[in-house]
Amino acid sequence: MRVVLQRSKQANVKVDGEIVGEITNGFVLLVGITHNDTEADVKYLADKIVNLRVFEDENEKMNFSLLDVGGQILSVSQFTLYGDCRKGRRPNFMDAAKPEKAEILYNLFNHMLRDKGVFVATGQFGAMMDVSLINDGPVTLIVES
């Protein structure tokens with residue numbers, strides 16, 4: 001499982017021009033799932049992400065987690081994170097999980113985040129989406145299981 005995490009001041013995701021998910025201060029997560037991912041990968045990343053200390057304290061040191069600052073999450077499914085661009089000019093997406101499996105694990109991931117007390121907004125699985133955000137910092141990390 002691979003997540004691109006962007007600390008954000010505000011963000012939203014639109015489908016067909018309509019906002020389907022929106023947050024203020026927190027994280028935008030682009031979530032990719034591969035074939036061998038399991039519930040253990042989902043649990044590991046949900047725990048890692050909500051406790052990752054990437055928000056500044058009074059001394060401008062990254063000492064606070066999303067839970068510490070009461071942040072929110074905008075979670076967007078992103079199979080293209082498993083695009084392989086090493087050969088040719090068109091990415092190969094063979095490493096991305098099939099939609100049936102990916103959707104189950106993606107929904108479980110969002111459920112686990114909510115169970116930790118975090119507000120989680122989402123895009124629409126499998127849809128063409130427009131994601132807008134104000135990247136705070138900018139802080140962008142890749143987190144993998």
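**Exercise 1. Place Val-13 in the fold.**

Task: Decide whether Val-13 is buried or exposed, then find its neighbours.

Solution.
- Step 1. In this predicted model, Val-13 has a relative accessible area of 0%, so Val-13 is buried.
- Step 2. Locate the residue. Val-13 sits in strand S1, which covers residues 2–15.
- Step 3. List the contacts, leaving out residues up to four places away in sequence. Val-13 touches Glu-18, Ile-19, Val-20, Gly-21, Leu-74, Thr-122, Gly-123, Met-129, Asp-130 and Val-131.
- Step 4. Check a pair separated in sequence. Val-76 is 63 residues from Val-13 along the chain, yet their C-alpha atoms are 8.1 Å apart.

**Exercise 2. Describe the largest pocket.**

Task: State how much space lies in the largest pocket, and which elements line it.

Solution.
- Step 1. The largest pocket holds about 420 Å³ of space.
- Step 2. Two or more lining residues come from each of strand S3 (26–32), strand S6 (72–77), helix H3 (99–115) and strand S8 (130–144).
- Step 3. S3 gives the largest share, four residues.
- Step 4. Count the lining. There are 21 residues, and Ser-77, Gln-78, Phe-79, Gly-126 and Ala-127 lie nearest the centre.
- Step 5. Sort the lining by character. It divides into 15 nonpolar and six polar residues, with no charged ones.

**Exercise 3. Find the buried face of H3.**

Task: Test the length of H3, then show where its buried residues fall.

Solution.
- Step 1. H3 has 17 residues, which should span 24 Å at 1.5 Å a residue. The end C-alpha atoms are 24 Å apart, so the two values agree.
- Step 2. Pick out the buried residues of H3: Ala-102, Leu-105, Tyr-106, Phe-109, Asn-110, Met-112 and Leu-113.
- Step 3. Look down the axis of H3. These buried residues fall within an arc of 160 degrees, so they line one face of the helix.
- Step 4. Recall the geometry. An α-helix has 3.6 residues a turn, so residues three or four places apart point the same way.
- Step 5. Turn to the other side of H3. Glu-100, Ile-104 and Asp-115 are exposed there.
- Step 6. Ask what covers the buried residues of H3. The cover includes S1, S3, helix H1 (39–51), S6 and strand S7 (120–122).
- Step 7. Look just past the helix. Gly-117 takes a positive phi of about 90 degrees just after H3.

**Exercise 4. Repeat the analysis for H1.**

Task: Check the span of H1, then name the elements that its buried residues pack against.

Solution.
- Step 1. The 13 residues of H1 should span 18 Å at 1.5 Å a residue. The end C-alpha atoms are 18 Å apart, which agrees.
- Step 2. The buried residues in H1 are Asp-41, Val-42, Leu-45, Ala-46, Ile-49 and Val-50.
- Step 3. Seen down the axis of H1, they fall within an arc of 140 degrees, so they line one face.
- Step 4. The face of H1 turned away from the buried side carries exposed Ala-40 and Lys-43.
- Step 5. The buried residues of H1 pack against S1, S3, helix H2 (66–69), S6, H3 and S8.

**Exercise 5. Inspect the backbone.**

Task: Locate a cis peptide bond and two positive phi values in residues other than glycine.

Solution.
- Step 1. The cis bond joins Gly-137 and Pro-138, with omega about 0 degrees. Pro-138 lies in strand S8.
- Step 2. Asp-16 has a positive phi, near 55 degrees. Asp-16 lies in the loop between S1 and strand S2 (18–23). Its relative accessibility is 76%, so Asp-16 counts as exposed.
- Step 3. Glu-60 has a positive phi, near 60 degrees. Glu-60 lies in the loop between strand S4 (55–56) and strand S5 (62–64). Its relative accessible area is 68%, so Glu-60 is exposed.

**Exercise 6. Classify two aspartates.**

Task: Are Asp-136 and Asp-57 buried or exposed, and what do they touch?

Solution.
- Step 1. Apply the cut-off: buried means under 20% relative accessible area.
- Step 2. Asp-136 has 16%, so Asp-136 is buried. Asp-136 belongs to strand S8.
- Step 3. Not counting residues up to four places away in sequence, Asp-136 touches Arg-7, Ser-8 and Lys-9.
- Step 4. Asp-57 has 12%, so Asp-57 is buried. Asp-57 is in the loop between S4 and S5.
- Step 5. With the same sequence exclusion, Asp-57 touches Asn-63 and Phe-64.
- Step 6. Add a distance. Asp-57 and Ile-23 are 34 residues apart along the chain, and their C-alpha atoms are separated by 21 Å.

Definitions and conventions: Residues are numbered from 1 along each chain as its sequence is written. This is a predicted model: local features need pLDDT of at least 70, side-chain atom pairs count only at pLDDT 80 or more; totals for chains, interfaces and linings use all residues. Side-chain values use heavy atoms; hydrogens and water are left out. Buried means under 20% relative accessible area, exposed over 50%, partly exposed in between (1.4 Å probe, protein chains only). Contact means heavy atoms within 4.5 Å. On a 1 Å grid over the protein atoms alone, a cavity is a set of points where a 1.4 Å probe fits but cannot get out, and a pocket is an open set with protein on both sides within 12 Å along at least five of seven lines; lining residues have an atom within 4 Å of a point. Grid points are joined across faces, edges and corners, and a volume is the space filled by probe spheres set on the points. Ala, Val, Leu, Ile, Met, Phe, Trp, Tyr, Cys and Pro count as nonpolar, Asp, Glu, Lys and Arg as charged, and the others, Gly among them, as polar. The expected span of a helix is 1.5 Å times one less than its number of residues. The arc is that of the directions from the helix axis to the C-beta atoms.
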